Amino acid sequence: MAERETPAATKSMDDIMALCKRRGFIYQASEIYGGINGFWDYGPLGAQLKKNLRDAWWNDVVMVPCGGRRGPTGEPVRMVPVDSCIIQHPRVWEASGHVEGFNDPMVDDRETKARYRADHLMGVFVVWEVPKHDAQKTGAELMSALATLVEPQSSSPYPEFMVVAPHAAEALSSLAADPKQIPRLKRAQPINAVRGDGAALALLHFGERAFVARVGPVDLALLGREPERFPAPVTGKKGVLTPPRAFNLMFKTYVGATATEDDVAYLRPETAQGIFTNFKNVVDTMRVKMPFGIAQMGKAFRNEVTPRNFTFRSREFEQMEIEFFCHPSEARAWYGFWRDWRMQWWESVGLKGENLVLREHATDELAHYAREGAGTSDIEYRFPFTAPGYGELEGVAHRTDFDLRRHQEYSGVKLDYFDAERGERGPSGQPRGERYLPHVIEPSAGLDRGVLALLCEAFTPDPARASGVFLRFRPRMAPIKAAVYPLVNREAMPEVAARLHADLVGRFGRDGFIEFDAKQTIGKRYARMDEAGCPFCFTVDGQSLQDMTVTVRDRDTQQQERIGLDAVPAFLADRLAR
Ligand code: ATP
């Protein structure tokens, strides 16, 4: 059967979130108390889906690094793991730059008490009104005429409205989906794509009248000087916004009983620093040889100003980070290697090429230390809420020796590495060795964003089937690997099915759930498995009792075939490896 594709832009985030709740993937944290903004709990299927993605990363990064392929210098990729504490010595975050510089500009609405990231306020600048006779043209005719127009240079720096979105593309798609974000707006239509200045044109319909508007970032310096001239998002009211203030994203806590300012500690905002602080320990205890990597996965916490888009921007989330240490002269080659391999890895877990992009940062986007490096790139996924734009899944950065140098400076402990295989050769022809601070390539991925991307990618509306939708996970990622059903709950069918179920749990239960259910019509049970993304349902029916065969239903094609009961484990083993 030909694969039906559903473009990301046409998948509804509301539908995806509803399914996540309905089928036990993701719940709002503390829901019975009304929830807590920016925190999400994983239900049974979500917890297993997350574990499958985490295990895939651990296996493919730590246990069999890069599937056994060799690095750009011809050597195998060497990797060791660590598992460091969430709370570290506060000096760690001074050295890393987080105490001083991990800030977002924050703007408050004094009236509604809403809080926004200033750099996520997209202005809507009306440039001109479309004459009435043009506004009445058919949609396509008008849009193609508008697409050829040149925007006047002198539009006001003060927007008429503001929309909360990190980019103009997202502002446009969210306005098209929900025009109520602007008072009295009936409809919004994008006219052109986002340009180099981060803005795009849109046609806005207010009842009978239509306006061409530029949608893009606002001037933050101007917002700081004259906040009263900027309209608040949602209400459109002027005079209620505060100027942007720097807000440190680290969660503070106190260590010990006295809780004075001297006892302040931070929940880690990234797992990476726990790798750098253990660099010397690993070198001294593990006989590792340059180049090598240290990998770590675990929770990170950021007091995001505006958590949004489901789990995409949460306040508690999990990261999967690699710090790959190498000689400075090899950093450029390793940077290219990791960037390309990480991209392939995301494809291997089921994200499709057309929804996945590798975006190399422009020089003016780079952190100051990275400017001297080989580069920084983001692996981005086209989520339904970012489409037609993309949102970051993983960043791959050449961080030079910045982190080790800073920790060396702040701790007073030497962190350089003695490489016995480098340096000038002595009289015996042996290298004399070279001491250096290694450079670092950092592929830093978000597990929760990865899970969300898998859910969005898998979500496939299909009005022709009973559930109306199914989740097309790769079998390796699916939280339920198989379901075993007696067609009806009588004769010997439940017993035969129960035996098969127990056998499959014993063989495959380590990798995911094997369902058993004897209640409800078989159609309803299949529909539930479609929504849960279970790739195969084995059904024991009347014929099974005579010839020891079962039917296998394929989730994607809905086709059924008969195979021998004893062939089921081999069938499943083969399919789950795909
Ligand atoms: P963004 O620009 O989206 O805030 P970032 O560039 O600050 O992300 P990094 O500091 O590079 O993110 O963190 C590495 C990865 O951690 C990101 O690629 C993302 O997958 C994940 N991540 C970062 N912040 C969050 C968050 N608030 N919620 C969920 N995942 C996050």
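Biologist: Buried means under 20% relative accessible area, exposed means over 50%, and partly exposed lies in between. With that in hand, what share of the residues in the protein chain is buried?

Modeller: This is a predicted model, and in it buried residues make up 54% of the 578 residues of the protein chain. The accessible surface comes to about 26,000 Å², and 52% of that area belongs to carbon and sulfur atoms.

Biologist: How many helices and strands are there?

Modeller: The protein chain has 17 helices and 28 strands. Its radius of gyration is 28 Å, close to the 25 Å that the globule rule gives for 578 residues, so the chain is as compact as a globular protein of that length. Along its principal axes, the C-alpha trace spans about 90 × 80 × 55 Å.

Biologist: And how is the chain divided into domains?

Modeller: Domain 1 is made of 8-80, 270-413 and 440-458, while domain 2 covers 105-247 and domain 3 covers 467-576. The centres of domain 2 and domain 3, taken over C-alpha atoms, are separated by 51 Å.

Biologist: What percentage of the contacts between residues at least 6 apart join residues at least 24 apart?

Modeller: That percentage is 65% in the protein chain. Leu53 gives a concrete picture, since the C-alpha atoms of Leu53 and Val451 are separated by 7.2 Å although the two residues are 398 places apart along the chain.

Biologist: Where is Leu53, then, and is it buried or exposed?

Modeller: Leu53 is found in helix α2, which runs over residues 44-63. Its relative accessibility is 0%, under the 20% cut-off, so Leu53 counts as buried. Beyond the residues up to four places away in sequence, Leu53 touches Trp345, Trp346, Val349, Leu447, Gly450, Val451, Leu454 and Met477.

Biologist: Let's switch to α12. Which of its residues are buried, and what covers them?

Modeller: In helix α12, residues 402-411, the buried ones are Phe402, Asp403, Leu404, Arg406, His407 and Gln408. The cover over the buried residues of α12 includes the helices α3 (90-95), α9 (272-276) and α10 (279-286), together with the strands β15 (316-326) and β18 (391-400). Just after α12 comes Gly412, which takes a positive phi of about 75°.

Biologist: Which residues other than glycine have a positive phi?

Modeller: Thr400 and Gln520 are among them, with phi near 50° for Thr400 and near 65° for Gln520. Thr400 is found in strand β18, and because its relative accessible area is 5%, under the 20% limit, Thr400 is buried. Gln520, on the other hand, is in the loop between β25 and α15, and its 45% relative accessibility falls between 20% and 50%, so Gln520 counts as partly exposed.

Biologist: What about Asp517, where is that one, and what does it contact?

Modeller: Asp517 is in the loop between β25 (513-516) and α15 (522-532). With 15% relative accessibility, Asp517 counts as buried. Its contacts, leaving aside neighbours within four places in sequence, are with Val484, Tyr485, Pro486, Arg525 and Arg528. The C-alpha atoms of Asp517 and Val484 are 7.2 Å apart, while the two residues are 33 places apart along the chain.

Biologist: Back to loops for a moment: where does Thr311 sit?

Modeller: Thr311 is in the loop between β14 (292-301) and β15. Thr311 is nonetheless buried, because its relative accessible area of 3% is under 20%. Its contacts beyond four places in sequence are Ile26, Trp40, Tyr42, Asp448 and Leu452.

Biologist: Which peptide bonds are cis?

Modeller: One of them runs from Met290 to Pro291, with omega near -5°, and Pro291 is in the loop between α10 and β14. Another joins Ala387 and Pro388, where omega is about 5°, and Pro388 is found in the loop between β17 (376-381) and β18.

Biologist: Last one: how many positive and negative charges does the chain have, and how far apart are their mean positions?

Modeller: The protein chain has 74 positive and 78 negative charges, and their mean positions are 2 Å apart.

Notes: Residues are numbered from 1 along each chain as its sequence is written. This is a predicted model: local features need pLDDT of at least 70, side-chain atom pairs count only at pLDDT 80 or more; totals for chains, interfaces and linings use all residues. Side-chain values use heavy atoms; hydrogens and water are left out. Helices (H or I, at least four residues) and strands (E, at least two) are DSSP runs, numbered from the N terminus. The radius of gyration is taken over C-alpha atoms; the globule rule is 2.2 Å times the number of residues to the power 0.38. Buried means under 20% relative accessible area, exposed over 50%, partly exposed in between (1.4 Å probe, protein chains only). Contact means heavy atoms within 4.5 Å. Accessible areas come from the Shrake-Rupley method with a 1.4 Å probe; for residues, only the protein chains shown count as cover. Lys and Arg count as positive and Asp and Glu as negative; His and the chain ends are not counted. The place of a charge is taken as NZ of Lys, CZ of Arg, CG of Asp or CD of Glu. Domain bounds come from an automatic or database domain assignment.
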